[in-house]
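Trainee: Please take a close look at the charged side chains in this structure. I would like to see how they pair up and how much of each is covered.

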Amino acid sequence: MTIDPPLHQGETDFLAGFSSRSDVRRIWPGQPSTRCPWVVTADGSGLALDPDLARTAVEVVAPWLRYLCREFLAPSSVEAMHAALAQGLRGGHHLSGVVVVDGLHEISAHRNRIAERVLLPAQDAVVIPFGERAIASGGAARHSL
């Protein structure tokens, strides 16, 4: 996921505290879980997904992304903006990108709108001839128009 404009060093340091890789994890009201699966890149230009945590807790990947956007990257309430400013976070960032977790869950961001969908594995079509369907159902097939 890319962050535009990139975070400055203070913002990067603050958000890094939520990462599951951090020695001391930050706790903030309303966070989706105790371990954030997103890691801020060193240059502040993006968020990378911690693959180990994402595999074991796929259900928190999108909620954490929404939370980070709503509370810190682009605060969406007056209270969130005041809390962010008090921590030296300026807001006004746009998050965009697409990640696929475990091959089945796609999470996308476009200008801070987070969407998620389940990807279905490709399935082969099963064709059962009409006569076999009648035999399998135990009787004559009925026709309906």
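Mentor: This is a predicted model. Start with R117, which is partly exposed, because its relative accessibility is 48% and the exposed class begins only over 50%. The side chain of R117 meets that of E106 in a salt bridge, with 2.8 Å from N to O. E106 lies in strand β5 (residues 105-110) and R117 in strand β6 (residues 113-118), so the pair ties together parts that are eleven residues apart in sequence. E106 has a relative accessibility of 18% and therefore counts as buried, since the cut-off for that class is under 20%. This bridge thus joins a buried residue, E106, to a partly exposed one, R117.

The structure holds five salt bridges, and the bridge between E106 and R117 is one of them. Another links R70 with E71, where the closest N and O atoms are 3.5 Å apart. R70 is partly exposed, with a relative accessible area of 37%. E71 is buried, at 16%. E71 belongs to the buried residues of helix α3, and among the others are W64, L68 and F72. Helix α3 covers residues 61-73, and ten of its 13 residues are buried, so the helix is largely enclosed by the rest of the structure.

A further salt bridge is found between D52 and R55, with the closest N and O atoms 2.8 Å apart. D52 and R55 both lie in helix α2, three residues apart, which is about one turn of the helix. An α-helix has 3.6 residues a turn, so residues three or four places apart point the same way. Both D52 and R55 are exposed, whereas E106 is buried and so is E71.

D52 has a second contact to consider. The side chain of D50 reaches the backbone nitrogen of D52 at 3.1 Å. D50 is found in the loop between β3 (47-49) and α2 (51-56). At 7% relative accessibility, D50 counts as buried, while D52 is exposed.

To put the cases side by side: E106 is buried and its partner R117 partly exposed, E71 is buried and its partner R70 partly exposed, and D52 and R55 are both exposed.

Technical notes:
Residues numbered from 1 in each chain as written. Predicted model: local features only at pLDDT ≥ 70, side-chain atom pairs only at ≥ 80, totals over all residues. Heavy atoms only, no water. Helix = DSSP H or I, 4+ residues; strand = E, 2+ residues; numbered from the N terminus. Buried < 20%, exposed > 50% of the residue type's maximum accessible area, 1.4 Å probe, protein only. Polar contact = N/O pair within 3.5 Å; in protein donor to acceptor, adjacent residues only side chain to side chain. Salt bridge = Lys/Arg side-chain N within 4 Å of Asp/Glu carboxyl O.
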